[in-house]
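Got the viewer open? Let's take a walk through this one together, stop by stop.

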Amino acid sequence: MSIFDEGYKVVAVEGNRLLVRGILSDDVLTIVNTEPQTPLAPEDYPPGKSIALTDPSTAPLN
């Protein structure tokens, strides 16, 4: 199963990192924000919020 096939719940926002836990796998992932000009806000990612990850390699090119 790919990480993009699972749903996640937000665990916490810590600076430029978003911690999420897999709903089915219970795996914890740390997502690092590489764009400091767009900070992660705890208000946007409250604990328990459901999110899905998308594969950037499948996104259409600009």
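Before we select anything, one definition: strands here are DSSP runs of E at least two residues long, and they are numbered from the N terminus. That is how to read a label such as E3 or E4, and a loop between E3 and E4 is where you will find Asn-33. We'll come back to that residue. Keep in mind as you go that this is a predicted model.

**Stop 1: the whole chain.** Show the protein chain as a cartoon. You should see four strands and zero helices, so in order from the N terminus the elements read β-β-β-β by the definition of a strand above. The C-alpha trace spans about 35 × 30 × 15 Å along its principal axes. Of the 62 residues, 21% are buried.

**Stop 2: the hairpin.** Now select residues 7–14, which are E1, and residues 17–22, which are E2. These two strands pair antiparallel, with six bridges between them. To see one facing couple, pick Ala-12 and look across to Leu-19 in E2. Two residues sit between the strands of this hairpin, and Gly-15 has a positive phi there, near 65 degrees.

**Stop 3: the other partner of E1.** Add residues 50–52, strand E4. E1 and E4 also run antiparallel, and three bridges join them. Pick Gly-7 this time, and you'll find Ala-52 of E4 opposite.

**Stop 4: the core.** Which residues make up the largest nonpolar core? Select these seven: Tyr-8, Val-10, Leu-18, Val-20, Leu-40, Ile-51 and Leu-53. E1 and E2 are the elements that give two or more residues to this core. Zoom in on Val-20 and look for what it touches beyond four places in sequence: among its contacts are Tyr-8, Val-10, Asp-27, Ile-31 and Ile-51.

**Stop 5: the pocket.** Turn on the surface and look for the largest pocket, which holds about 380 Å³ of space. There are 13 lining residues, and those nearest the centre are Leu-18, Ile-31, Tyr-45, Leu-53 and Thr-54. Strands E3 (28–32) and E4 each supply at least two residues of that lining.

**Stop 6: the loop after E2.** Select Asp-26, in the loop between E2 and E3. Most residues other than glycine have a negative phi. Asp-26, though not a glycine, has a positive phi of about 70 degrees. Is Asp-26 buried, partly exposed or exposed? Asp-26 counts as partly exposed, because its relative accessibility is 47% and that class lies between 20% and 50%.

**Stop 7: back to Asn-33.** Return to the loop between E3 and E4 and select Asn-33. Why does Asn-33 count as buried? Its relative accessibility is 17%, and buried means under 20%. Follow the side chain of Asn-33 and you'll see it reach the backbone nitrogen of Glu-35, at 2.9 Å. Leaving out neighbours within four places in sequence, Asn-33 is in contact with Asn-16, Thr-38, Pro-39 and Leu-40.

**Stop 8: past the last strand.** Finish with Ser-57, in the segment after E4. Ser-57 counts as exposed because its relative accessible area is 63%, and the cut-off for exposed is over 50%. Show the side chains of Ser-57 and Asp-55 as sticks: they make a polar contact with each other, at 2.7 Å.

Methods: Residues numbered from 1 in each chain as written. Predicted model: local features only at pLDDT ≥ 70, side-chain atom pairs only at ≥ 80, totals over all residues. Heavy atoms only, no water. Pairing = 2+ DSSP bridges. Buried < 20%, exposed > 50% of the residue type's maximum accessible area, 1.4 Å probe, protein only. Polar contact = N/O pair within 3.5 Å; in protein donor to acceptor, adjacent residues only side chain to side chain. Core = buried A, V, L, I, M, F, W, Y, C linked by side-chain atoms within 4.5 Å. Contact = heavy atoms within 4.5 Å. 1 Å grid on protein atoms, 1.4 Å probe; cavity = no way out; pocket = protein on both sides within 12 Å on 5 of 7 lines; lining within 4 Å. Points joined across faces, edges and corners; volume = space filled by probe spheres on them.
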